[in-house]
Amino acid sequence: MLNHSREHRESALLCSTFSLCLICALADRFLLHRSDEILGSLVFEIIIFLIPLFVYFSLSDKNLSARTVAKEMNISKISHRLIFLPIFAAMLLVTGTLLLDMLFFGIYDITGGFTLYGHLTANSDGSLVSTILMIVTFALLPAIFEEVMFRKLMTRTYAKKGLFSAMLISGIFFSLTPFSLRLIPSFFLAGMIYCLIFIVTGSLLTSIIAHFLFNMYGLFLRTNIANYFVASADVYVLVISTIILFLISALLFAGILSKLFVAYAKAGKTPPYLPDTKKGFSASVKSAFSIFKIPANLACIIIYAVFIVVFAFLG
């Protein structure tokens, strides 16, 4: 009963975040004229994520404090054995999403700039202060806010459905956060990997670091790499290099995960949040899609569709 109630609360939190994102995007389009892109984006992030999270934690714990919030977020230290896991995860995401983008949209479609939530564009005047503020606003804070919401809060409940179910649910909802049809494949993969490393390690800090590194790639390297290879007409070199690096990253990432699973098996334990019993593939998929029986989760899909249709119509 507790898990059922928690599931509805977290679905309501997610729905409120999606609603605020749509409202902020409409306000940005019709009412506001931002002279400072970074400051405006920071304000929107506070409205979209920080305020709903504060309300959520306030309602969940009457004695709200920094200690209780830190405990709830489970930002634990990373063991020296896991120090390379977020790095390998970020490498896997960089190469994997690059391959997905090239497969679905072509090399020339990945030369665009970095944006958040469909309308927040990362810009800097090149100064050190501006660059640091851009990193905080577009790389660090989104990594923290999104990992708290999509991994810590949602995964805590949905992991009871099984590892694959939790990864699928995380991938589905996280793929909607950019409010972009083009980014669905890349963010679906990212959501699944972030969920996997959080569940297996039990450390939110691990997924936050991997997320932050991936955001840094999006800010500073993604467009520059694509533009370089397009300008030099070495597209085949980019494709072959990406495939090789993807395979290497996947092997390194899988190697650390396999050691963790072996360690759990030797200790007679299961990874954090996971049930002792395992489900088959079809049962896991069915269990994952049962989340849409919750009205708030369906509302997220509707809000996403409205956002896409409205802004496609507006241009």
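## A walk through a helical chain

Residues 24 or more positions apart account for 81% of the contacts in this chain that have a separation of 6 or more. Keep that figure in mind, for several of the contacts below join such distant positions. The model is a predicted one.

Start with the overall layout. The chain has 12 helices and two strands. Read from the N terminus, the order is α-α-α-α-β-β-α-α-α-α-α-α-α-α. The chain holds 315 residues, and buried residues make up 47% of them. Its accessible surface comes to about 15,500 Å². Carbon and sulfur atoms own 71% of that surface.

Now go inside. In soluble globular proteins, nonpolar side chains tend to be buried together. Here the largest nonpolar core has 86 residues. Those with the most contacts inside this core are Leu14, Phe18, Phe138, Phe150, Phe173 and Phe253. Which helix gives the core its largest share? That is H5, with 12 residues. Take Leu14 as an example of a core residue. Leaving out residues up to four places away in sequence, Leu14 touches Met149, Phe150, Met154, Phe173 and Cys300. Phe150 and Phe173 are themselves on the list of residues with the most contacts inside the core.

Follow helix H5 next. This helix covers residues 128-158. Thr131 has its place there. The side chain of Thr131 reaches the backbone oxygen of Ser127, at 2.8 Å. Beyond its neighbours up to four places away, Thr131 touches Ser124, Gly126 and Phe220. Phe220 belongs to helix H8, which spans residues 204-220.

Further along H5 sits Arg151. Is Arg151 buried or exposed? Arg151 counts as buried because its relative accessible area is 0%, and the cut-off for buried is under 20%. What does its side chain meet? A polar contact of 2.6 Å joins the side chains of Arg151 and Glu147. An α-helix has 3.6 residues a turn, so residues three or four places apart point the same way. Arg151 also has contacts beyond four places in sequence, including Phe174, Gly191, Tyr194, Cys195, Leu204 and His211. Cys195, one of these partners, is buried as well, with a relative accessible area of 0%.

Phe174 deserves its own stop. This residue lies in helix H6, residues 163-174. Phe174 is buried, at a relative accessible area of 1%. Setting aside neighbours within four places, its contacts are Glu146, Phe150, Arg151, Phe187, Ala190, Gly191, Tyr194 and His211. Ser186 is 12 residues away from Phe174 along the chain, and their C-alpha atoms are separated by 10.0 Å.

Between H6 and H7 runs a loop, and Phe179 is found in it. Phi of Phe179 is near 50 degrees. That is a positive value in a residue other than glycine. Phe179 is in a loop, yet it counts as buried because its relative accessibility is 5%.

Helix H7 comes next, covering residues 184-201. Its 18 residues reach 26 Å from first C-alpha to last, close to the 26 Å expected at 1.5 Å a residue. How many of its residues are buried? The number is 13 of the 18, so H7 is largely enclosed by the rest of the structure. Gly202 follows H7, and its phi is positive, near 75 degrees.

Then helix H8 begins. At its start, a side-chain oxygen of Ser203 reaches to within 3.4 Å of the backbone nitrogen of Leu205. H8 has 17 residues and reaches 24 Å from its first C-alpha to its last, close to the 24 Å expected. Among its buried residues are Leu204, Ile208, His211, Phe214 and Tyr217. His211 touches Arg151, and His211 also touches Phe174.

One last check concerns the cysteines. How many disulfides are there? The count comes to zero. Cys21 shows how this works out. Its nearest cysteine sulfur, that of Cys24, is 7.0 Å away. A disulfide needs two cysteine sulfur atoms within 2.5 Å, so this pair does not qualify. Cys21 is also buried, with a relative accessible area of 2%.

Terms used
Residues are numbered from 1 along each chain as its sequence is written. This is a predicted model: local features need pLDDT of at least 70, side-chain atom pairs count only at pLDDT 80 or more; totals for chains, interfaces and linings use all residues. Side-chain values use heavy atoms; hydrogens and water are left out. Helices (H or I, at least four residues) and strands (E, at least two) are DSSP runs, numbered from the N terminus. Buried means under 20% relative accessible area, exposed over 50%, partly exposed in between (1.4 Å probe, protein chains only). Contact means heavy atoms within 4.5 Å. A polar contact is a pair of N or O atoms within 3.5 Å; within protein, one must be able to donate a hydrogen and the other to accept it, and residues adjacent in sequence count only if both atoms are side-chain atoms. The expected span of a helix is 1.5 Å times one less than its number of residues. A nonpolar core is a set of buried Ala, Val, Leu, Ile, Met, Phe, Trp, Tyr and Cys residues joined through side-chain atoms within 4.5 Å. Accessible areas come from the Shrake-Rupley method with a 1.4 Å probe; for residues, only the protein chains shown count as cover.
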